[in-house]
Every structure is written in C-alpha cells, then in structure tokens.
Amino acid sequence: MNRYVVDASVVIKWFLPEIHSEAALRLCPPRYRLHVPALMTLEVGNVLAKRIRRGELTRAEGDVVLKELKHLPLQRHTDDRLFPAAYQLALDTQRSLYDCLYLALAEAVDSVMVTADRKFYSSLTGGAYGRRVLWVEDLPQLE
C-alpha cells in the first residue's frame with residue numbers, strides 16, 4: 001500500500017522529537033500518498049499551543065512548524081464531507097468524533113489510518129474496524 005491516512009498524533013512527530021518519531025518519519029511525503037481531514041491542522045495547532053504554554057516550545061518554533069505543515073504534499077479532505085460517516089463511527093465505536101474523522105477518511109479512500117494514539121488503536125483492534133487502523137510502529141521499514 002502506498003497511501004495512508006495519518007492522524008495528528010503521527011504528523012506532530014514529523015516536527016517534534018518524541019517517542020515513535022522515528023517510525024512516523026517513515027511516512028513522510030513524498031514516498032507515500034497521505035490523506036488527512038482538514039481537522040488535522042487544528043489538532044496539530046492545539047498540540048503546538050499546549051507545548052508553547054508549557055514552555056517546551058517557543059512561539060517562533062511553533063510558527064515554523066505551522067508554516068512547514070502548510071506546504072506538505074498532503075491530500076486534504078473537507079470535514080463536512082466526512083462528518084456523516086464519522087458521526088456514525090463515533091456512535092458505533094464509542095470513540096471521539098475527532099478520531100473517527102480519520103477513520104471515516106480511511107474508509108472513504110479505501111486505505112488504512114496510521115496512528116500513534118495507543119488508546120484509540122487498542123480500542124479498534126480486533127473489532128469490525130481493526131483492519132482500518134495501523135499502529136505507527138508497525139509501518140514497514142524503509143529499504
């Protein structure tokens with residue numbers, strides 16, 4: 001598979017060194033065609049704002065990340081198109097609507113969602129939607 005849906009927990013690791021960053025970097029464009037809902041930008045911005053408030057990141061560093069994020073070759077999808085399916089998935093899985101936007105996108109583009117959100121991943125594995133999620137560390141190694 002050369003296309004994936006990536007959630008904000010993976011995207012942020014492309015910019016900020018943290019656990020699973022090395023695995024997340026295996027997905028950096030342009031090797032793969034990556035899809036994201038529009039919400040991803042808000043989620044990454046929220047992580048940056050939290051890090052800035054905690055003093056873990058400067059405003060200038062956060063601005064650089066947002067600027068670089070805007071230029072990544074990601075296939076962005078409008079949230080309103082995904083909302084009806086995401087809403088149903090949130091009810092079916094008892095997970096957040098935000099997380100289910102990514103899952104709905106994976107279904108819409110017939111792909112797999114890659115996440116570093118252990119709680120979300122664990123809640124879906126073994127269930128009806130388990131085939132649509134992939135743990136970030138389970139990505140294939142680059143040759």
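In which sense, left-handed or right-handed, does α5 pass α6 in their crossing? In the predicted model examined here, α5 passes α6 in a right-handed crossing. Two packed helices are described by the angle between their axes and the distance between the axes. For helix α5, which spans residues 79-93, and α6, the packing angle is about 110° and the axes lie 7 Å apart. Since angles of 65 to 115 degrees count as roughly perpendicular, α5 and α6 are therefore assigned to that class. On the α5 side, the contact is made by D79, R81, L82, F83, A85, A86, Y87, L89, A90 and T93, and these residues meet L97, C100, L101, L103, A104, L105, E107 and A108 of α6. By residue class, the contact of α5 with α6 comprises 14 nonpolar residues, one polar residue and three charged residues.

Helix α6, residues 97-108, also packs with helix α3, residues 39-53, at an angle of about 135° and with an axis-to-axis distance of 11 Å. The relation between α3 and α6 is therefore oblique, and their crossing is left-handed. In this contact, L39, M40 and E43 of α3 meet Y98, L101 and Y102 of α6, and the residues involved divide into five nonpolar, no polar and one charged. Residue L101 of α6 is listed in the contact with α3 and is listed again in the contact with α5.

Attention then turns to charged side chains. Side chains of opposite charge can pair when their charged atoms come close. With a salt bridge taken as a side-chain nitrogen of Lys or Arg within 4 Å of a carboxyl oxygen of Asp or Glu, the count for the model comes to six. A network of salt bridges links K13, E18, R51, R54 and E56. Within this network, the side chains of R51 and E56 meet at 3.4 Å, N to O, while the side chains of E56 and R54 form a salt bridge at 3.9 Å, N to O. The three residues of these two pairs fall into separate accessibility classes: R51, with a relative accessible area of 18%, is buried, E56, at 48%, is partly exposed, and R54, at 56%, is exposed. R51 lies in helix α3, and, with residues up to four places away in sequence left out of the count, R51 touches L16, E18, E56 and L57.

A further salt bridge joins the side chains of D110 and R132, at 3.2 Å, N to O. D110 belongs to the loop between α6 and β4 (113-115), whereas R132 belongs to the loop between α7 (118-124) and β5 (133-135), so this pair ties together parts that are 22 residues apart in sequence. R132 has a relative accessible area of 8% and is therefore classed as buried.

At the start of the chain, N2 is found in the segment before β1, the strand that covers residues 3-6. With a relative accessibility of 53%, N2 counts as exposed, and, when residues up to four places away in sequence are not counted, N2 touches Y32 and R33. N2 and L134 are separated by 132 residues in sequence, and their C-alpha atoms lie 14 Å apart in space.

How values were computed:
Residues are numbered from 1 along each chain as its sequence is written. This is a predicted model: local features need pLDDT of at least 70, side-chain atom pairs count only at pLDDT 80 or more; totals for chains, interfaces and linings use all residues. Side-chain values use heavy atoms; hydrogens and water are left out. Helices (H or I, at least four residues) and strands (E, at least two) are DSSP runs, numbered from the N terminus. Buried means under 20% relative accessible area, exposed over 50%, partly exposed in between (1.4 Å probe, protein chains only). Contact means heavy atoms within 4.5 Å. Axes are lines fitted to C-alpha atoms, for helices over the stretch in contact, and angles run from 0 to 180 degrees between N-to-C directions. Angles under 35 degrees count as roughly parallel, over 145 as roughly antiparallel, 65 to 115 as roughly perpendicular and the rest as oblique. A crossing is left-handed if the near helix is turned anticlockwise from the far one by less than a right angle, and right-handed if clockwise. Ala, Val, Leu, Ile, Met, Phe, Trp, Tyr, Cys and Pro count as nonpolar, Asp, Glu, Lys and Arg as charged, and the others, Gly among them, as polar.
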